[in-house]
Structures are given as structure tokens and as C-alpha cells.
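This report goes through the overall fold, the sheets, the helices that pack on them and the main pocket. Have the structure open while reading.

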Amino acid sequence: MAASVMIPRMERQDKRLVDQLRPISFETGIAPNATASVLVTFGRTKVICAVTIEEDVPRWMKVQRVEGGWLTAEYSMLPYSTLDRKRRDITAGKLDGRSSEIQRLIGRSLRAAVDLGKIGQRTIWVDCDVLQADGGTRTASITGASVALAIAVNKLVAQGKLAESPMKRLVSAVSVGMLGGEALLDLCYVEDKDAEVDMNLVMTDRGEFVEVQGSGEEAVFTADQMSRMLELGRKGLEEIAGLQRQVIADADKPDADALEGLS
Ligand code: UDP
């Protein structure tokens, strides 16, 4: 006879409900020399996301007469961002595999948000530097960078450098996972390190998927578990998109700082 096992409800280390996000905040304008910048916080995870728009494109684009602009992302974990000091992820000019994978994910996610055909011959540099790592640094990076990108391009529109906004949609990201057989939203490091399944969701504010990265860490997972994780993720992402929209709207209010960093 199949045993019916009572699984005690998971008590999360920080007492959150399974479908509850960590406290999220966005502090804008923290790196004034960038076109726009945001310090994004998901609980103890903190990432500086800076967007710098350069009035030039890579040489190959000019040589091949490619129209439009370019967007490139860089991701780095600062050595003091982890509990035990971490070696720099770039040694002898070579970036480690994890950071390299993450920066490509950030770049792909943001290219889904902006129409590069509408930014003219410009390069958008997206720099994500992790100040404190407590799980979900890639998803916090995408979420924060998406806000910084929207604020940066809005500045160009306000300055009359762009006739219309090149933003196609808002992109947000969050992690979900399975721990102790339970689906959890927005895992912190202690949950992430023991999770049976670790998944990163990148979605638009219209409920479309941009990217899904998921793996069973030496485990397998069922379609039902996947549906449950997606359900938690979608709910969390709706909440995150609401916060992002608010921060972008506040940053766009005309004030003395509106053109900061672009002179
Ligand atoms: N981490 C760490 N050192 C590393 C890589 C990761 O301490 O070199 C921790 C950090 O807290 C990170 C977490 O492990 O947030 C999960 O890492 P993962 O590669 O899953 O990426 P993330 O969840 O940060 O996007």
C-alpha cells in the first residue's frame, strides 16, 4: 500500500510564507556618473545596477553598417560580497564560468526589454556588481538593471535625443525552487544551497517568459512541481513588476536631478 506521508509545513529560516518575497527595495541615483543606477535589495542580497549609454557602437557594427544600437552586460561578485571572502571572478583577464553565464543571461533578458533598432548608434552598458550575496543575485541583477535601463532611456527621451521610448516591455526576474518537497518563492542562500530544484524565471510584465533556467540539483522534478514553482514565480513577479513601475515613475518626475550623470 502506498504510504501517505505527512510532510510538516516548511518553516523558512526568515519565517516567510512559501509564496512570500523577501523585502525588496530600489534606491536610484547611487552612482551619479552612470546614466542611471539602482541599488536593488532582495532581503540581504544587494546589487548595484548601473546603466551607461555611450554615443557610439562597437567598431564591427560601423564596419558592417549595422543599424541601431548595442547592449552588453557585465556581472561581478565583489570579493567581500560572500560570507567567506571570494576571489575576484576575473583573473588574468579571464572571467569565471559562472559570472560569464550570468552576464550573458542579464544581457539576453534586457535585450528583450528594449528595441535596439530604436536607440540609434549607441551602446548601452549594463554593469551589475554584487555588494552582498545571499541567493538570487542574477535575478536581483536583472530586476534592478531593468529599472535602471528604463530610467536611462527615459532620460534620453526627456533630453530630446530619442523621439520615442525604445522600451518594449518591463522585464523582471525571481528565483523559485523545491526544498524538502515544498515549492518556495525567492530563495535565500541557506535555502538555495540545499534546494532539490533551483529555478530562475525571467518574465515580462505581460506574463510572457523571457527565460527559464531550472535544474534538479542531483534530483529530478515532476511537471506538477514545475507548475507549482511557475505559479509561485508568476505571483511574485507580478508584485515585483508593480514595484519596478513605481520606482521608474518616481525617477521620471521632473526635478533638478533628472539629468544627473548625462552632462
Ligand atoms: N555563492 C557564493 N559564492 C560563489 C557563488 C555563489 O557564496 O562563488 C552564493 C551566493 O550567496 C549566491 C548563492 O550562492 O547568491 C547562489 O548562487 P547561484 O550560482 O545559484 O546564483 P544566484 O542565486 O546568486 O543567482
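## Overall dimensions

The radius of gyration is taken over C-alpha atoms, and the globule rule is 2.2 Å times the number of residues to the power 0.38. With 263 residues, a compact globule would come near 18 Å; the protein has 19 Å, which agrees. The C-alpha trace spans about 70 × 40 × 35 Å along its principal axes.

The model is predicted: local features need pLDDT of at least 70, side-chain atom pairs count only at pLDDT 80 or more, and totals for chains, interfaces and linings use all residues. Residues are numbered from 1 along each chain as its sequence is written, and side-chain values use heavy atoms, without hydrogens or water.

## Mixed sheet

The protein has five helices and eleven strands. These are DSSP runs numbered from the N terminus (helices: H or I, at least four residues; strands: E, at least two).

One open sheet has five strands, ordered β1-β2-β3-β7-β4, with mixed pairing. Strands pair if DSSP finds at least two bridges between them. β1 (24–28) and β4 (70–77) are the edge strands, each pairing on one side only. Twist averages 15° from one strand to the next. Eight bridges link β4 and β7 (residues 123–132) in the parallel sense. There, glutamate 74 stands opposite aspartate 127 in β7.

## Antiparallel sheet

A four-strand open sheet runs β9-β8-β10-β11, with antiparallel pairing. Its edges are β9 (182–185) and β11 (209–216). Seven bridges join β10 (residues 197–204) to β11. One pair is aspartate 198 with serine 215 in β11.

Helix α3 (residues 137–158) packs on this sheet, touching β8 (171–179), β10 and β11, at about 160° to β8. Contact means heavy atoms within 4.5 Å. Axes are lines fitted to C-alpha atoms, for helices over the stretch in contact, and angles run from 0 to 180 degrees between N-to-C directions.

## Helices and both sheets

α3 also packs on the mixed sheet, touching β1, β2 (36–42), β3 (45–54), β4 and β7, at about 35° to β3. Helix α5 (residues 223–251) lies across β8, β9, β10 and β11, at about 145° to β8. α5 lies across β1 and β2 too, at about 20° to β1.

## Pocket lining

Which elements each supply at least two residues of the lining of the largest pocket? They are α2 (97–111), α3, α4 (189–194), β10 and β11.
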